[in-house]
Amino acid sequence: MDAIPCSAPVRTGCQITQQTLPMLRELYQFSGGDLTMMLVLLEVWAHVHCSCQQADNMPRATNGHSIAMVTGIPRETVRRKLAKLVAQGWLFENAQGQLQPTPQLAEQLRPLRTHCPSLAT
């Protein structure tokens, strides 16, 4: 049986899926099956590492309220996930109550570099 040719949008969708699925599988394994926790963690990571630096060149931090607003995850769920991430030593809360990744998190994320090299920076 001959393969049905793919249209450009389908081909693009397949490429995105082939790039995304392996990373999602690893995130699932890494988080013990808690992809919501990984989404919360990656929101903190992205906010700190992918946003502009503050005027004093310090990394930007974030909090549970802003994560809930951006993701649509209920605030109480975000609060619980953040508490778990802090307890695991992956995030810390600064004096202003803002969350930032710990140095240990970069080491923990190192195995995921295959799919997203910037996670370990």
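**Figure 1. Contact of helices α2 and α3 in the predicted model.** In this predicted structure, Leu 39, Val 40, Glu 43 and Val 44 of α2 meet Ile 67, Val 70 and Thr 71 of α3. Sorted by class, the residues of this contact are 5 nonpolar, 1 polar and 1 charged. Helix α2 spans residues 35-49, and its axis lies 10 Å from that of α3, at a packing angle of about 110°. The two helices, α2 and α3, are therefore roughly perpendicular to each other, since angles of 65 to 115 degrees fall in that class. The crossing of α2 and α3 is right-handed.

**Figure 2. Contact of helices α2 and α4.** The axes of α2 and α4 are 9 Å apart, and the packing angle is about 75°. Helices α2 and α4 are therefore also described as roughly perpendicular to each other. On the α2 side the contact is formed by Thr 36, Met 37, Val 40, Leu 41 and Val 44, and on the α4 side by Thr 77, Val 78, Lys 81, Leu 82, Lys 84 and Leu 85. The class count for the contact of α2 with α4 is 7 nonpolar, 2 polar and 2 charged residues. Val 40 and Val 44 of α2 take part in this contact and also in the contact with α3.

**Figure 3. Crossing of helices α3 and α4.** The axes of α3 and α4 cross at roughly 125° and come within 9 Å. This angle makes α3 oblique to α4. The crossing of α3 and α4 is right-handed. Gly 64, His 65, Ile 67 and Ala 68 of α3 make the contact with Arg 75, Val 78 and Leu 82 of α4. By class, the contact of α3 with α4 comprises 4 nonpolar, 2 polar and 1 charged residues. Ile 67 of α3 takes part here and in the contact with α2; Val 78 and Leu 82 of α4 likewise take part here and in the contact with α2.

**Figure 4. The largest pocket and its lining.** The largest pocket holds about 230 Å³ of space. It is lined by 13 residues, of which Gly 64, Arg 79, Leu 82, Glu 93 and Leu 99 are the closest to its centre. Helices α3 (64-71) and α4 (75-87) are the elements that give two or more residues to this lining. Helix α4 gives the most, with 7 residues. The lining of the largest pocket consists, by class, of 5 nonpolar, 4 polar and 4 charged residues. Gly 64 and Leu 82, both among the residues closest to the pocket centre, also belong to the contact of α3 with α4.

How values were computed:
Residues numbered from 1 in each chain as written. Predicted model: local features only at pLDDT ≥ 70, side-chain atom pairs only at ≥ 80, totals over all residues. Heavy atoms only, no water. 1 Å grid on protein atoms, 1.4 Å probe; cavity = no way out; pocket = protein on both sides within 12 Å on 5 of 7 lines; lining within 4 Å. Points joined across faces, edges and corners; volume = space filled by probe spheres on them. Helix = DSSP H or I, 4+ residues; strand = E, 2+ residues; numbered from the N terminus. Nonpolar A, V, L, I, M, F, W, Y, C, P; charged D, E, K, R; others polar. Axes fitted to C-alpha atoms, helices over the stretch in contact; angles between N-to-C directions. Parallel < 35°, antiparallel > 145°, perpendicular 65-115°, else oblique. Left-handed = near helix turned anticlockwise from the far one by under 90°. Contact = heavy atoms within 4.5 Å.
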